[in-house]
Every structure is written in structure tokens, then in C-alpha cells.
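Q: Got a minute to go through this one with me? I'd like to start with the ligands and then wander a bit.

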Amino acid sequence: MPPVHRSVVYDWLRHDKKFPHVWCPGCGLGILLGSLLRSLVESGLDKNQVVLVSGIGCSGRLPVYVDVNSVHTTHGRALTFATGIKLAKPELKVITVMGDGDATAIGGNHLIHAARRNLDITAIIVNNQTYGMTGGQYSPTTPLGAKATTAPYGHREPSFDISALSATAGASFVARSTVYHVTQLDQLLGQAIAKPGFGVVEVLSPCHTNFGRQNRLGSQVDMMKEFKRKGMRVERWRELPEGKRAESIPLGVLVDRDLPVFGQSYDRICDAASRRGEAGK
Amino acid sequence: MAKPRAQLLQGNEAIALGALAAGCNFFAGYPITPASEITERMSREMPARGYPFIQMEDEIASIGCCIGGSLAGKKVMTATSGPGFSLMQENLGYACIAEVPLVVVNVMRGGPSTGLPTNVAQGDVQQARWGTHGDHPAIVLCPATVAQCYELTITAFNWAERFRTPVVLLSDEVVAHMREKVVLPEPHEIEVIDRRQPTVPPDWYVPYKTDGSLIPQLANLGEGYRYHVTGLVHDERGFPTRRADEVEPFYNRLFGKISRHFADLERVKAYQLDDAEMVIIAYGCTARAAAAAVRIGRERGLKVGMLQLMSIWPFPRRPVEEALTGKRLALVPELNMGQISREVKRVNDGRTQVLRHGKMDGSMITPDEILGRLREAK
Ligand SMILES: Cc1ncc(C[n+]2csc(CCOP(=O)(O)OP(=O)(O)O)c2C)c(N)n1
Ligand code: SF4
């Protein structure tokens, strides 16, 4: 894939929006933004065709910077709005951006049902293992034992594997990457956008401000190095002996399957219903 | 021309048919007694017309889905009852602040919580006004007959589209399940209002900049006008702002676009009020009992009349003031402990004596009870 020229990315940003952005210096969300823009350009989509839908959180602030149709919804509900948009205008490319709390705590119900329905929506889930925007409380992906502002003695709950959850719930496409593995992230986002049906890309991203500081993980650079150290292509990871797997994070395409897509099956119902209606006249 | 045909219709069916007549082309809902018939009817009607219908995973999702559909240009409706209406409140506020046309039907049943799921009540009147957090305008309509279910659903769509705001149709279990003979108007007799579209090319477009109407001409998603929609307070371009000099005008416009049309938004029906010495102010199923009480009372020589409120919010202040003026007594019967009577008392301002008659036993107020209260008070 030839590199997408910087000026193209520049063209997709909203410059009349008051930059600088709201994120902490060094936050992974800016890297994701760049990656998303490159994959959109690479996908050959028209700006008018793209709808970015987000929930509430640091991740939820991403769409406002992009010169497409952007909808910043309520906490956890991005997928419900996205479902409505996609049903209303199937020709649009609908992409949601959610945080881990957004997508799997308050919005967990919507995530599993969107995956089950398999509507043609791409869901980018930024997993920073914490509630960034509200100050580092624990989220469904906070690791057991980690510190959070609501877990001062260490977190007592096991965590969700967002990708596994999405796969089990029925998504057509599931992939995982990190903001360190940018080239891979560009590609995976492109693949998810191109894939018909519900596609999830789990993006591991450092929140040094809240999660990192409380857990003494060092600077954002140190946290990025951790992604580098632990990240492993899923194909290689699968060959590891069971006992060794927990030390690494499998990255890449985890699930890619062809399943019935909601819009297409609904069209068939409409055809049948209108034929029955006409027969009844 | 064929003679208009009388039909026997249920209140909930009339809402579904009214929605279709108003141009509803998108429905998302979640089943709940006593509103399920609306969702069921729509699940038959929408696919037959090629329109989206979806049963979502809950009511939060249903209203979210509707808002998405509306942003993309559809005329959307969802239907629920108390527990679901409670779940919808946050996104109802979103539709208000982001100015998204939307019709929400709440068929009232006994609450709070699961309450009396199959019994009638009118306990959600103040919730329909104040249910979502933050100060905001609200438009709420309330039918008492099957014909009004049809008519007010059309009005709800027209106002949602015209003002770019959510409109709540507050029905109740009795009106919802009752069957009555109705003659529906011919399509050409129905006025249908659609939201205004941008009149400038995309390059000149400032989404929330308004003309004298104070109502923005928001483009449907995906039609070449790229802008930002958010539940945060935003500037004219749609971008979040906290600047006092942008925040205050924003709120002023949000309230102003409704408040300058208060007179237009008053929908009431007067029964035998001309010579009345006593007035009953009622709404929803209770207005039916009140109408019967007026009839029976008149036969017995009582000079009593009734004002039915078909619009509840904004509270139809002027017609209520008029109805109270010069009366000896006003009675407000309702299936709650005084949610509208307190509004009537507020606007009464010393004009007359206002009595409330609240009932919460899961059944309707009867004409006899109303007459009894009037007799006691005499
Ligand atoms: C209904 C509701 N509850 C709580 C909040 C407060 N809140 C805002 S963002 C957030 C969590 C953000 O965490 P996450 O979704 O993981 O996103 P991040 O900020 O880490 O990107 C919470 C709890 C809210 N806005 N709405
Ligand atoms: S709080 Fe965390 S997630 Fe939010 S902007 Fe800062 S570093 Fe990023």
C-alpha cells in the first residue's frame, strides 16, 4: 500500500474547528485519528458518504475533527444512532468510534445486539482500559488488580476481551491492533470498512494520564513500548503453547467470515410484504 | 368520489394509521403493554411500504435508532409506556438539544416502576414535561378519543417537523385499547408538514444559523452538507462551545422557537362552556367521563361545562384562563394526585376556586364521581 500523502489527510480534517484538540499530549487517540483518515482516503470513499458516530468519552470526541457527517451521541448509544442512520440510508458508510466503557459497559447491550444483527457498520472500539474522560475510574476492560480512582485497593473484577465478545455475539469481522502498530492499524481499519456486515476493530491505546499514572506504567512512550513488546501477529500467537499465550496480545484479523447482513435480509422481507399486500388488494 | 367509510378502530391502531398518514417512514420500538399494538401494527405496515421497521434491544436503543433515522431524513416514531418512557429520557433530551424531529408515543399505565401494567393511569404528565434533565421546552399532546389519536398523531408529526423537536403523544391505556367508530379523513384533506431543507449551497452552509423563525434548516445526513451533530451545547456551526456569549443565545433560541408559537400550540375543546357556572378541566380518558358528567349534569339542571386539553405542554394557559374566568368553580379530575390541577391553580391566579379530584386505584374516574364532587363543592 503506497503511503497516503499528508496533504490528503490534512484535507479530511476540519480546520474551522478550533484546534488544538481536547486530548492530552501523547494520547493515542490522535494516532488513531490519523490512521482512520488514511484508511478512509485509501478506501476511496467520498466525504459526503461517510458518517462518523461516537459516544461520550475522550474517544467520543474524535469525529468532530473530521470533515465528514459527524454525530456525537450519548454515552454508550453510538451504535443505536448508527443503526438508525444505516437503516435510513443504507448507501452511507457508517463508522462508530467508542471507548471501552462506552462500548462494553453502558453500551454493552447495544454492542452485542449490533453484532448479532450484523448490520453493515464498522465499530472502532478504543480500549485504554479505563474511563479516560471522567478521570480514571475502572472500566469493564480494567485488568484484575489494577488501580483505578474507583478501585483504590486494586480492581476486583475480571475484564472483558472486547474482540472475543464481539466475535461470540456474531460480528462478521473482528480485528485488534494498537496505536503503536500503525501500519497494521491502517490496514485493519481499511479491511473493516470494506467488509460487509458488522466489523469491530479493537484499538489498544495508552491513557497515560489516568490509567498509566495510577498504575505506575511510566510515560506514554513507556506504554507504547509495552504494546510493542506484547503485540504479536495472531497467526504466530496461535502457535504458542497455551501456557505462553497470556504474555502476548494477539493482533491482526481475528475473525473474517461471511454472514447474512441485516439490510439485505430486511430487503427480502419488504419484497415479500409488499407482494402479500398487493395480493390482498 | 367514494363515500368516506366508517371504521371500527382501536386507539393504538389509529395512532399507527395517523403516523402513516403523516408520512412516517421509519419505526423503531420495544414491546410493552399497553403500547405493543402500535409496534405490532407498524411491523406489518412498514415493510409492506419498503420502510425500515426494527424492534431494538430496549427503549434506549429504540429512541437512539429513531434519532439516527431522523438525522438521515426519515420521519420517525417510537411507541412505549412508562418504564420504557423512563429509559428514553436521556435521548429525548438529545433530540431536544440537537433539534431532531421525532414522535414518541407514551401510552400511560400505572406506575411508578412496573406499577399496574395493565391498568390505566395519568401519572406521566409531569414526566413528559420534565423527564429529561436540564431545562428545555417540551411539546406534549393528549388524545381522548380514537379519532383524536389519529388526528393528534398527525399534528405531532407536523409539529416535530416544523419546530425540529421531539413531540410526545401522551395516550393512556383506556384510549389505547378502546374501539370506536371513526371516519378517517381523505389523504387530500390532511395537511402534512415536512422539515425545511437548506436553501444555500454546502459551501455557504452554517447549520445552526437561523432566519427569523429561529428554526435551523438542518440538512439530512449524506446529502452533501457535512456538519457536526452533538448533544453538547454548540455554536452556529454545530461545534461544542462553553462561551457564555454563544451559550446564552443558543438556549434563548431553543426556547424561543417554541415559545413564540405558544398560541399556535394550544389545542383544546370546549363542551357547553358558554353559559357554564362550573367548569371541568380534563384530558385523556378522564375527559370522556367529564363529557358524560356534563351531559348528565345538564339533564339535572347543573350549569356545568368542560374544557378538554388536547395539548398539555406547553400548558394552554390562555384558553384555561378564559375557561376559569367568571366561573363559580373549577374541577380537575385526573388519574394522579394532582399533576395538572397544580398547573390550573398556577394560572388561576384568584379567578375562581380550583378543586382537584385525583384517583389512583387503577380504574377510570366515573361521571358519577365527578358529579358527586361538584355537588359536594356547591
Ligand atoms: C449516562 C452517562 N453516565 C455517565 C457519564 C459520564 N461519563 C462520560 S465519559 C465516561 C466514560 C468514558 O470512558 P470510555 O467510554 O472508556 O472512554 P474514554 O474516555 O476512555 O475514551 C463516563 C462514565 C455520561 N456522560 N453519561
Ligand atoms: S485522559 Fe487519557 S484517553 Fe483521555 S485524552 Fe488524556 S490520555 Fe487520552
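Q: How far is the backbone N or O atom of G101(A) from an oxygen atom of ligand 1?
A: The distance is 2.9 Å. Keep in mind that this is a predicted model.

Q: What about M133(A), how far is its polar backbone atom from an oxygen of ligand 1?
A: That one comes to 3.0 Å.

Q: And which side chain has an N or O atom 3.0 Å from an oxygen atom of ligand 1?
A: The side chain of D100(A).

Q: Which residues come nearest to ligand 1 overall?
A: There are 17 residues around ligand 1, and the nearest are C58(A), S59(A), G101(A), D102(A) and G132(A).

Q: Which chains surround it?
A: Chains A and B both supply residues around ligand 1, so the site is shared between chains.

Q: OK, ligand 2 then. Which residues surround it?
A: The shell consists of W23(A), C24(A), C27(A), C58(A), N128(A), G132(A), C207(A), H208(A), T209(A) and N210(A).

Q: How does that shell split by class?
A: Five residues are nonpolar and five are polar, with no charged ones around ligand 2.

Q: Let's switch to pockets. What volume does the largest pocket have?
A: About 930 Å³. Its lining has 37 residues, and the closest to the centre are Q129(A), P143(A), L204(A), K230(A) and I249(A).

Q: Which elements give two or more residues to that lining?
A: In chain A, the helices are helix 6 (162-169), helix 9 (220-230) and helix 10 (234-239). The strands are strand 5 (173-178), strand 6 (199-204) and strand 8 (249-256), also of chain A.

Q: How many of the lining residues are nonpolar, polar and charged?
A: The lining of the largest pocket has 20 nonpolar, nine polar and eight charged residues.

Q: And how much space lies in the second largest pocket?
A: About 430 Å³. It is lined by 21 residues, with G93(B), Y94(B), I97(B), H133(B) and G231(B) nearest the centre.

Q: Which elements give two or more residues there?
A: Helix 4 (82-97) and helix 8 (244-259) of chain B. Helix 4 of chain B gives the most, with five residues.

Q: What's the class mix of that second lining?
A: Eight nonpolar, eleven polar and two charged residues.

Q: Moving on to charges. How many salt bridges are there over all chains?
A: The count comes to 36. One of them pairs the side chains of R49(B) and E45(B), at 2.7 Å from N to O.

Q: Are R49(B) and E45(B) buried or partly exposed?
A: R49(B) is partly exposed, with a relative accessible area of 39%. E45(B) is buried, at 14%.

Q: Where does the salt bridge between E236(B) and K209(B) fit in?
A: Those side chains meet at 3.9 Å, N to O. E236(B) lies in the loop between strand 10 (228-230) and helix 8 of chain B, while K209(B) lies in the loop between strand 9 (179-183) and strand 10, so the pair ties together parts that are 27 residues apart in sequence. E236(B) counts as partly exposed, with 41% relative accessibility.

Q: What does R318(B) form a salt bridge with?
A: With E266(B), where the closest N and O atoms are 3.0 Å apart. R318(B) is in helix 10 (residues 317-324) of chain B and E266(B) is in the loop between helix 8 and strand 11 (268-271), so parts 52 residues apart in sequence are tied together. R318(B) is partly exposed at 47% relative accessible area, whereas E266(B) is buried at 16%.

Q: Which residues do salt bridges with shared partners join into one network?
A: E13(B), R41(B), E45(B), R49(B) and R179(B).

Q: Back to chain A for a sec. How many residues of helix 5 are buried?
A: Seven of its ten residues (108-117), so to speak mostly covered. The buried ones are G108(A), H110(A), L111(A), H113(A), A114(A), A115(A) and R117(A).

Q: What follows helix 5 of chain A?
A: N118(A), which has a positive phi near 60°.

Q: Last one: where is C142(B) found?
A: In the loop between strand 7 (139-141) and helix 6 (146-163) of chain B. C142(B) counts as buried, at 0% relative accessibility. C142(B) and S171(B) are 29 residues apart in sequence, yet 5.8 Å apart in space, C-alpha to C-alpha.

How values were computed: Residues are numbered from 1 along each chain as its sequence is written. Chains are lettered from A and ligands numbered from 1 in the order in which they are written. This is a predicted model: local features need pLDDT of at least 70, side-chain atom pairs count only at pLDDT 80 or more; totals for chains, interfaces and linings use all residues. Side-chain values use heavy atoms; hydrogens and water are left out. On a 1 Å grid over the protein atoms alone, a cavity is a set of points where a 1.4 Å probe fits but cannot get out, and a pocket is an open set with protein on both sides within 12 Å along at least five of seven lines; lining residues have an atom within 4 Å of a point. Grid points are joined across faces, edges and corners, and a volume is the space filled by probe spheres set on the points. Helices (H or I, at least four residues) and strands (E, at least two) are DSSP runs, numbered from the N terminus. Ala, Val, Leu, Ile, Met, Phe, Trp, Tyr, Cys and Pro count as nonpolar, Asp, Glu, Lys and Arg as charged, and the others, Gly among them, as polar. A residue is near a molecule or strand if one of its heavy atoms lies within 4 Å of it. A salt bridge is a side-chain nitrogen of Lys or Arg within 4 Å of a carboxyl oxygen of Asp or Glu. Buried means under 20% relative accessible area, exposed over 50%, partly exposed in between (1.4 Å probe, protein chains only). A polar contact is a pair of N or O atoms within 3.5 Å; within protein, one must be able to donate a hydrogen and the other to accept it, and residues adjacent in sequence count only if both atoms are side-chain atoms.
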